[in-house]
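Me: I would like to go through this model by question and answer, with the reasoning given each time before the value or name.

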Amino acid sequence: KITMMMIEDSRPEMKRLGVLCAGVTPSVMSFQVLSQVAQKESSNSNVRQDTENFLNRYSELTYLGVLENILRSPTPSYATVVAAQKLEIAARRYLTHNASPTPNPPTQSSSANNAGYFRRFVAILQGLSHSQDASVKDQADRTLNSLQNLLLSTGNTPTRQS
């Protein structure tokens with residue numbers, strides 16, 4: 001509640017401190033708060049840049065459980081869209097062994113090991129691709145397509161549901 005009050009304050013310094021409070025403790029609630037800030041702030045503000053930096057951390061393997069919880073729960077649509085985007089970034093990072101943006105790209109065997117971790121998101125994204133919210137549906141479709149292609153490239157067949 002205090003973090004939200006800080007973020008809603010008109011002073012940029014106070015907003016940045018609120019974003020810092022939300023960002024240093026990764027959780028479902030923090031992700032939702034940061035998503036709200038990202039949606040409201042102008043793209044060139046320092047507050048928005050800080051917010052994006054914290055949201056980018058969720059594309060690390062360590063925080064994919066948070067993304068899973070967001071994608072499985074009824075959350076505001078923008079948070080769901082951002083979670084699907086971060087999942088796609090993570091999948092590209094951890095399942096691609098050729099053109100990885102990380103300094104130490106995953107090997108083919110680590111990509112295959114990571115595939116097991118990402119496979120569980122296929123069913124979640126398939127469910128979201130039937131959403132009534134067009135932005136959620138579109139992002140879920142894009143992320144699902146990307147994830148399935150990445151899983152196929154690692155030699156893993158994604159689980160398909162009807």
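Me: Is Glu-41 buried or exposed?
Reply: This is a predicted model, in which local features need pLDDT of at least 70 and side-chain atom pairs count only at pLDDT 80 or more, whereas totals for chains, interfaces and linings use all residues. Residues are numbered from 1 along each chain as its sequence is written, and side-chain values use heavy atoms, with hydrogens and water left out. Buried means under 20% relative accessible area, exposed over 50%, and partly exposed in between, with a 1.4 Å probe and protein chains only. Because Glu-41 has a relative accessible area of 17%, its class is buried.

Me: Which side chain meets Glu-41 in a salt bridge?
Reply: A salt bridge here is a side-chain nitrogen of Lys or Arg within 4 Å of a carboxyl oxygen of Asp or Glu. For Glu-41 the N to O distance is 3.1 Å, and the partner is Lys-15.

Me: How many residues apart in sequence are the parts that Lys-15 and Glu-41 tie together?
Reply: Helices (H or I, at least four residues) and strands (E, at least two) are DSSP runs, numbered from the N terminus. Lys-15 is buried, at 19% relative accessible area. Since Lys-15 lies in helix α2 (residues 12–23) and Glu-41 in the loop between α3 and α4, the pair links parts whose separation in sequence is 26 residues.

Me: Which residue forms a salt bridge with Arg-16?
Reply: Arg-16 counts as partly exposed, at 36% relative accessibility, whereas its partner counts as buried, at 18%. Arg-16 lies in helix α2 and the partner in helix α4, so the pair ties together parts that are 34 residues apart in sequence. With the closest N and O atoms 2.6 Å apart, the partner is Asp-50.

Me: How far apart are the closest N and O atoms of Arg-11 and Asp-9?
Reply: Arg-11 counts as partly exposed, at 45% relative accessibility, while Asp-9 counts as buried, at 18%. The two form a salt bridge, and their closest N and O atoms are separated by 2.9 Å.

Me: How many salt bridges does the count come to by this rule?
Reply: The pairs Arg-11 with Asp-9, Lys-15 with Glu-41 and Arg-16 with Asp-50 satisfy the rule. By the same cut-off, the count comes to 8.

Me: At what angle do helix α3 and helix α4 pack?
Reply: Axes are lines fitted to C-alpha atoms, for helices over the stretch in contact, and angles run from 0 to 180 degrees between N-to-C directions. For helix α3 (residues 28–40) and helix α4 (residues 46–56), the axes lie 9 Å apart and the angle is about 145°.

Me: Which residues in α4 meet those of α3?
Reply: Contact means heavy atoms within 4.5 Å. On the α3 side the residues are Phe-31, Leu-34, Ser-35, Val-37 and Ala-38, and these meet, in α4, Val-47, Arg-48, Thr-51, Glu-52, Phe-54 and Leu-55.

Me: With which residues is Val-28 in contact, leaving aside its neighbours within four places in sequence?
Reply: Val-28 lies in helix α3, and it is partly exposed, with a relative accessible area of 25%. Its C-alpha atom is 9.4 Å from that of Glu-68, although the two are 40 residues apart in sequence. Once the neighbours within four places are set aside, the contacts of Val-28 are Val-66, Asn-69 and Ile-70.

Me: What separates the C-alpha atoms of Gly-155 and Ala-115?
Reply: Gly-155 lies in the segment after α9 (134–153), where it is exposed, with a relative accessible area of 64%. Gly-155 and Ala-115 are 40 residues apart along the chain, and their C-alpha separation is 9.0 Å.

Me: How far apart in space are Arg-93 and Leu-61, C-alpha to C-alpha?
Reply: Arg-93 is found in helix α6 (residues 77–95), and it is buried, with a relative accessible area of 19%. In sequence Arg-93 and Leu-61 are 32 residues apart, and in space, C-alpha to C-alpha, the distance is 9.6 Å.

Me: How many helices are there in the chain?
Reply: Of the 162 residues of the chain, 46% count as buried. Read along the sequence, the pattern is α-α-α-α-α-α-α-α-α. The chain has 0 strands, and its number of helices is 9.
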